[in-house]
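Welcome! Have the sequence and the 3D view ready, and try each exercise before reading its solution.

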Amino acid sequence: MPVEIKDMTFDKVASGPVSVRVYQGAEYAKGAPVLLYFHGGAFMQSGLTHCPLAECIAGTGAIVAVPNYNEDGSVFPQPLETGFSIFSYLAKKRAGLGDRKSLLLIGGEEAGGNVAAGVALKARDHFADELDGQVLLSPLLDPFMATPSFRKADAIGMRSRWADGWSHYLSGGVCHPYAAPSMCSRLTGLAPALILSSEDDPLLDEGLGYAASLSAAGVNVQQHVLPAGTGWPTIYSGTPNGAGNWAGVVADQFSGFVHNISTA
């Protein structure tokens, strides 16, 4: 499905006006799911740049809003609070995106997956009935960076970048569960989750570990691991290929996830 892209501003968000890039399937149906999607960038990227994953998901008929949630590369808790303010705004107003029948989801890749998971935790604590699902694509969740798959990070030149990113994000001196969801011991009541990774992804183990913890807490989890060689790690380690071998899998997994939670 062709995707239309437009820039807009959410000017009534509690944390202040936020610039947003919206990806929308040109033939989206009434009640199309709305996905608030947080970009990656090791906690330090800001601004609005093209997001191939958002475009891929919008191609399924969804409306995907990618905000500049991390202006000036802020430290925790500001990106989390900005993300939660945007979620709260969409939960109440939808900002002209979708309609009352639209599912409201949050998601993100890498550091954006961390913020999405943190927002899902806070949504559970404050707006439990408003969030329909979370979409975590290779989420960066573990500040200890000690998993077996993470030890492979040097192969794609990401270890030092992630170490610097974690040091920056937590430099406010707080390691709250909202900042490091893998360390959270209270996961019951969270929204259903879709978690994607690949066999050659350094973030594979922490994604699978979080999926297992969610499942053990009674959360409905759909997970999928792409085979090695699909180019999946390029979503955060370089220039992503929007037509990569992962694109069809992401679209199918997202569509199946939306179907499952809408009929549950």
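## Exercise 1: a helix and its cover

Helix α7 buries A247, V250, A251, Q253, F254, F257, V258 and I261, where buried means under 20% relative accessible area, exposed over 50% and partly exposed in between (1.4 Å probe, protein chains only). Before going on, note that this is a predicted model, in which local features need pLDDT of at least 70 and side-chain atom pairs count only at pLDDT 80 or more, while totals for chains, interfaces and linings use all residues. Residues are numbered from 1 along each chain as its sequence is written, and side-chain values use heavy atoms, with hydrogens and water left out.

Task: find what covers the buried residues of α7, and check the reach of the helix.

Solution. Step one: the cover includes β3 (34-38), α1 (52-58), β5 (104-110), β6 (133-139), β7 (193-198) and β8 (221-226); contact means heavy atoms within 4.5 Å. Helices (H or I, at least four residues) and strands (E, at least two) are DSSP runs, numbered from the N terminus.

Step two: α7 covers residues 247-263, and its 17 residues reach 25 Å from first C-alpha to last, close to the 24 Å expected at 1.5 Å a residue. The expected span is 1.5 Å times one less than the number of residues.

Step three: an α-helix has 3.6 residues a turn, so residues three or four places apart point the same way.

## Exercise 2: a second helix

Task: which residues of α5 are buried, and what covers them?

Solution. Start with the span: α5 (residues 204-216) has 13 residues, which should span 18 Å at 1.5 Å a residue, and the end C-alpha atoms are 18 Å apart, in agreement. Next, the buried residues are L204, E206, G207, Y210, A211 and L214. Their cover includes α3 (111-126), β6, β7 and β8. Finally, look past the helix: G218 follows α5 and has a positive phi, near 90 degrees.

## Exercise 3: one residue in a strand

Task: is Q24 buried or exposed?

Solution. First locate Q24 in strand β2 (residues 18-25). Its relative accessible area is 11%, so Q24 is buried. Then list its partners: leaving out residues up to four places away in sequence, Q24 touches P2, V3, E4, A58, A62 and I63.

## Exercise 4: the whole protein

Task: how many helices and strands does the protein have, and what share of its residues is buried?

Solution. Count 7 helices and 8 strands. Of the 264 residues, 55% are buried. To finish, among contacts between residues at least 6 apart in sequence, 79% join residues at least 24 apart.
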